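Visitor: Hi! I'm new to this one. Could you walk me through it?

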Amino acid sequence: MAFTYRCLIIDDESPAHKALISHISKFDELEHSGSAFNGMEAIKLLNENQYDIIFLDINMPVISGVELMELQPNRPLTIVTTAYSDFALSAYQNDAIDYLLKPISPDKFAKAIEKAKTFHSGNNLKKEDSSNEKILSCRSNGQIIETPLIDILYVESLGNYMKLYSRKLKSPIIIYGSLASIATEIDCSHFVQVHRSFIVNTREITSAINKTLTMSNGEIIPVGRKYQILLDNLLIK
């Protein structure tokens, strides 16, 4: 069965949505799965749903397209769709896979989709690697930091930000986003959410006592009541 790419359109103008929906409808492998008319709506949808490709406008009120990319470093494959050529460098620096100027021709749209499919295939190959070889790439303080999943102890949520603790780093990595968003990046049987604010690497748990976990670095992590069932069959070594 062919893979279907779930697409989210982010643009503050209705005609742009109609044009992109028309382009999407011409591809059997594409599905229009959501629409956002500003950056705040887009962030909410991205945190609550799974998408494979987003079509992102640049010039939007409150949160611009570039700002949204900076706030959502672990977002789906991003194709920028804009009437302005000035922001191409910023877009590519934030990992956009293509930059389309409006009005978008069918030919350029098709080429952008081919790029997206190529990127998606590459990402799938990475996911098929063994868990010891998986790498989490995240943006912190404007830089891309790559951390092997095997080195991650736990992730702590702090509002709109997270602290990622690694056994090879003295200080945590501060990144923007939610536990829900990072959970898709570290989708692995060794990671489990144990509290509304914590995801832990089960291989780094040394003991579980009185609804708390002790990690290999000595830190104590609380276990939420509704998450306890996830640990019922966990073997503590």
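Guide: Happy to; we'll go topic by topic, beginning with how the model should be read.

Guide: This is a predicted model, where local features need pLDDT of at least 70, side-chain atom pairs count only at pLDDT 80 or more, and totals for chains, interfaces and linings use all residues. Residues are numbered from 1 along each chain as its sequence is written, and side-chain values use heavy atoms, with hydrogens and water left out.

Visitor: What does the pLDDT average for the protein chain?

Guide: The average is 85, and 89% of the residues score at least 70. The term pLDDT stands for the predictor's confidence in each residue, from 0 to 100.

Visitor: And over which residues is the pLDDT below 50?

Guide: That is the stretch 124-132. Beyond near neighbours in sequence, this stretch has eight contacts in the model, a contact being heavy atoms within 4.5 Å. Where pLDDT is low, the predicted coordinates should not be read in detail.

Visitor: Let's switch to charges. How many salt bridges does the structure hold?

Guide: Eleven. A salt bridge here is a side-chain nitrogen of Lys or Arg within 4 Å of a carboxyl oxygen of Asp or Glu. Side chains of opposite charge can pair when their charged atoms come close.

Visitor: Which side chain does Glu29 meet in a salt bridge?

Guide: The partner of Glu29 is Lys117, at 3.1 Å from N to O. Glu29 sits in the loop between helix 1 (14-25) and strand 2 (30-36), while Lys117 belongs to helix 5 (residues 106-127), so the pair ties together parts that are 88 residues apart in sequence. Helices (H or I, at least four residues) and strands (E, at least two) are DSSP runs, numbered from the N terminus.

Visitor: Is Lys117 buried or exposed?

Guide: In between: Lys117 counts as partly exposed, because its relative accessibility is 24%. Buried means under 20% relative accessible area, exposed means over 50%, and partly exposed is what lies in between (1.4 Å probe, protein chains only).

Visitor: Which residues are linked in a network of salt bridges?

Guide: Asp151, Arg167, Lys168 and Glu204. Take Asp151 and Arg167, whose closest N and O atoms are 3.4 Å apart. Asp151 is in the loop between strand 7 (143-148) and strand 8 (152-158), Arg167 is in the loop between strand 9 (161-166) and strand 10 (173-176), and the two are 16 residues apart.

Visitor: What about Glu204, which residue does it form a salt bridge with?

Guide: Glu204 also goes with Arg167, with the closest N and O atoms 3.5 Å apart. This pair is 37 residues apart, with Glu204 in the loop between strand 12 (198-201) and strand 13 (205-209).

Visitor: In that network, what is buried and what is exposed?

Guide: Asp151 is buried, with a relative accessible area of 5%. Glu204 counts as buried too, at 12%. Arg167 is partly exposed, at 44%.

Visitor: New topic, sheets! In what order do the three strands form an open sheet?

Guide: The order is 13-14-15, and the pairing is antiparallel. Two strands pair if DSSP finds at least two bridges between them. Strand 13 and strand 15 (220-222) are the edge strands, each pairing on one side only.

Visitor: How many bridges join strand 13 to strand 14?

Guide: Four, and strand 14 covers residues 212-215. Ala208 stands opposite Leu213 in strand 14.

Visitor: Any backbone oddities, say a cis peptide bond? Which residues does it join?

Guide: Lys102 and Pro103, with omega at about -10°. Pro103 is in the loop between strand 5 (98-101) and helix 5.

Visitor: And where does Val62 lie?

Guide: In the loop between strand 3 (53-56) and helix 3 (65-71). Val62 has a positive phi of about 70° although it is not a glycine, and it counts as exposed at 75% relative accessibility. Asp95, not a glycine either, has a positive phi of about 70°. Asp95 is in the loop between helix 4 (88-93) and strand 5, and is partly exposed at 43%.

Visitor: Last one: what is Ala112 in contact with?

Guide: Leaving aside neighbours within four places in sequence, Ala112 is in contact with Ile79, Asp98 and Leu100. Ala112 is in helix 5 and counts as buried, at 0% relative accessibility. The C-alpha atoms of Ala112 and Ile79 are separated by 7.3 Å, although these residues are 33 apart along the chain.
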